[in-house]
Amino acid sequence: MLRLAPRLPTRALVRHALRAHALPLARPALPSGTRLFASAPADDIDVDNVAYGFMASQALFTGLEMGLFDAIAAGPEAGLNIDELKAAANCSAPRLQTLVTSLVAIKSLKRTPDGRYTLSPNTARFLVQSSKQYYGDYLKYQMGRQFYHRMGALPDVMTSGEAPSYASWFSDPETAATYTQAQHNGSVATAKYLIKKKLQLGDAATMLDVGGGSGAFSYVFTEATPGLSSTVLELPEVCRTGEAIKAKQPVSVQERVKFVELDATSPDWPVNDAAYDVVLMSYISGSVPESIIGALYANAYKALKPGGRLLVHDFMVDNSLDGPPLGALWALQHVTVNADGLGLCPQGVIERMGSAGFDPSACETMEMITGLTKLIVAYKP
Ligand SMILES: C[S@@+](CC[C@H](N)C(=O)[O-])C[C@H]1O[C@@H](n2cnc3c(N)ncnc32)[C@H](O)[C@@H]1O
């Protein structure tokens, strides 16, 4: 629709826009391919793009599951034809063409005039296993196999308030392992970015990594900070996956990271008071009920030495509560595994830090993953 704009006078443009928006209402069936993923005015929702976006998500996850991107990356520069893709994916049915056509339509693949398929630049960067920037496992396992299905329960959870907690969801060893392994590489990259670009840990010697998952942040932080040891507090099944991932770290890191089982919603933590220089909480504030967040920060306060730092990293929206969209949607997704959780923004986090004893006026807020996460640093006086 917007592509036509320069050639249309204003009234015709308005009529055209109204017609375009009216079309889906008039048609019972799917909109045409040209409407799907068309753009809307910047300040308005593109209803089709949002409503049918789940189909695109599954096209991407299925492309990953079937190894299509890796197969094209490993093939000749000119790309693979459909028969070669069918052989690579072990699927000779016409539906493979349907999937590949969809991947072209959403710009993940390109089709040459002679019917060969190549990767788009972003697909080559992010969705091919051999790329340094690959995060396809996270998308395939945590998004595709887990949260995608949880999100289907959102309407029911909103009305009933009934959803599993992380503790009950992760009592199943396979679920905990899949989630934790999928999280690992992404968190390693985030931890490296944090330590390189946002803050150094200086002469910190002791750290608590609350809800530390695979231990990704602890491995990166201890490797970058020679005198630092870290204790990862996690749910039992996550500790088991974390131990296996720890075994693959350099020996000097393995010796300085340990896992301790804890449901962090319990009031008493198995740690000494005033013993830690740093308490890290990455993605845990949004994973527990709202009523628990204050207690998490109070426990962090108790565990920290005077002058110690609490680092809260999580999906957050701006204080204006109007975005960014992925920060907002991640909080919504968490509702399906934490029905009584809080959608986080810096103000909400800092207020609760203040109630726990930290000085709100000394808290620092930093952007982390653009459009998704923020980091708040609080100091124990
Ligand atoms: C998105 S993951 C983040 C893991 C890690 N902090 C990181 O950034 O890579 C959220 C973690 O919070 C943990 N978690 C959620 N509720 C918890 C609880 N009640 N006690 C301990 N850990 C919990 C989950 O087990 C999961 O590993």
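# Exercises on a predicted model

Leaving aside neighbours within four places in sequence, S131 contacts A124 and R125. The model is predicted, and the exercises below start from this residue.

**Exercise 1. Place S131 in the chain and decide whether S131 is buried or exposed.**

Step 1. S131 lies in the loop that joins α7 and α8 (136-151).

Step 2. The relative accessible area of S131 is 19%. Buried means under 20%, so S131 counts as buried.

Step 3. A73 is 58 residues away from S131 along the chain, and the C-alpha atoms of the two are separated by 9.8 Å.

**Exercise 2. Do the same for S120, and state which residues S120 touches.**

Step 1. S120 sits in the loop between β3 and α7 (121-126).

Step 2. With a relative accessible area of 6%, S120 is buried.

Step 3. Not counting residues up to four places away in sequence, S120 touches K107, S108, L109 and K110.

**Exercise 3. Work out the strand order of the sheet that contains β1, β2 and β3, and find which strands stand at the edges.**

Step 1. The sheet is open and has 3 strands, in the order β1-β3-β2, with antiparallel pairing.

Step 2. β1 (80-81) and β2 (109-111) each have a single partner strand, so they stand at the edges and one side of each is left without a neighbour in the sheet.

Step 3. Helix α6 (residues 95-105) packs on this sheet and touches β2 and β3. The direction of α6 makes about 100° with that of β2.

Step 4. Between β1 and β3 (residues 116-119) the antiparallel pairing runs over 2 bridges. N81 has R116 in β3 as its bridge partner.

**Exercise 4. Trace the pairing of β7 with β4 and β8, and say how many residues of β7 are buried.**

Step 1. Strands of a sheet pair through backbone hydrogen bonds, in either the parallel or the antiparallel sense.

Step 2. β4 (residues 206-210) and β7 run parallel and are joined by 4 bridges. L208 has V279 in β7 as its bridge partner.

Step 3. β7 also pairs with β8 (residues 304-315), in the parallel sense and over 6 bridges. Here the bridge partner of V279 is L310 in β8.

Step 4. Strand β7 (residues 276-282) is mostly covered, with 7 of its 7 residues buried.

**Exercise 5. Find how many residues of helix α12 are buried, and name them.**

Step 1. Helix α12 spans residues 216-224 and is mostly covered, with 7 of its 9 residues buried.

Step 2. The buried residues of α12 are A216, F217, S218, Y219, V220, F221 and T222.

**Exercise 6. Identify the members of the nonpolar surface patch that includes V47, and classify V47 by its accessible area.**

Step 1. The patch consists of I45, V47 and V50, which together have about 270 Å² of accessible area.

Step 2. V47 belongs to helix α2 (residues 47-51).

Step 3. The relative accessible area of V47 is 46%, so V47 is partly exposed.

**Exercise 7. Summarise the protein chain as a whole: its secondary structure, burial, contacts and surface.**

Step 1. The chain has 17 helices and 10 strands.

Step 2. Of its 381 residues, 47% count as buried.

Step 3. Among contacts with a separation of 6 or more, residues 24 or more positions apart account for 67%.

Step 4. The chain exposes about 19000 Å², and carbon and sulfur atoms supply 56% of that area.

Key. Residues are numbered from 1 along each chain as its sequence is written. This is a predicted model: local features need pLDDT of at least 70, side-chain atom pairs count only at pLDDT 80 or more; totals for chains, interfaces and linings use all residues. Side-chain values use heavy atoms; hydrogens and water are left out. Patches are made of residues with over 30% relative accessible area and no salt bridge: like charges are joined within 9 Å, nonpolar side chains (Val, Leu, Ile, Met, Phe, Trp, Tyr) within 5 Å. Accessible areas come from the Shrake-Rupley method with a 1.4 Å probe; for residues, only the protein chains shown count as cover. A salt bridge is a side-chain nitrogen of Lys or Arg within 4 Å of a carboxyl oxygen of Asp or Glu. Buried means under 20% relative accessible area, exposed over 50%, partly exposed in between (1.4 Å probe, protein chains only). Two strands pair if DSSP finds at least two bridges between them. Contact means heavy atoms within 4.5 Å. Axes are lines fitted to C-alpha atoms, for helices over the stretch in contact, and angles run from 0 to 180 degrees between N-to-C directions.
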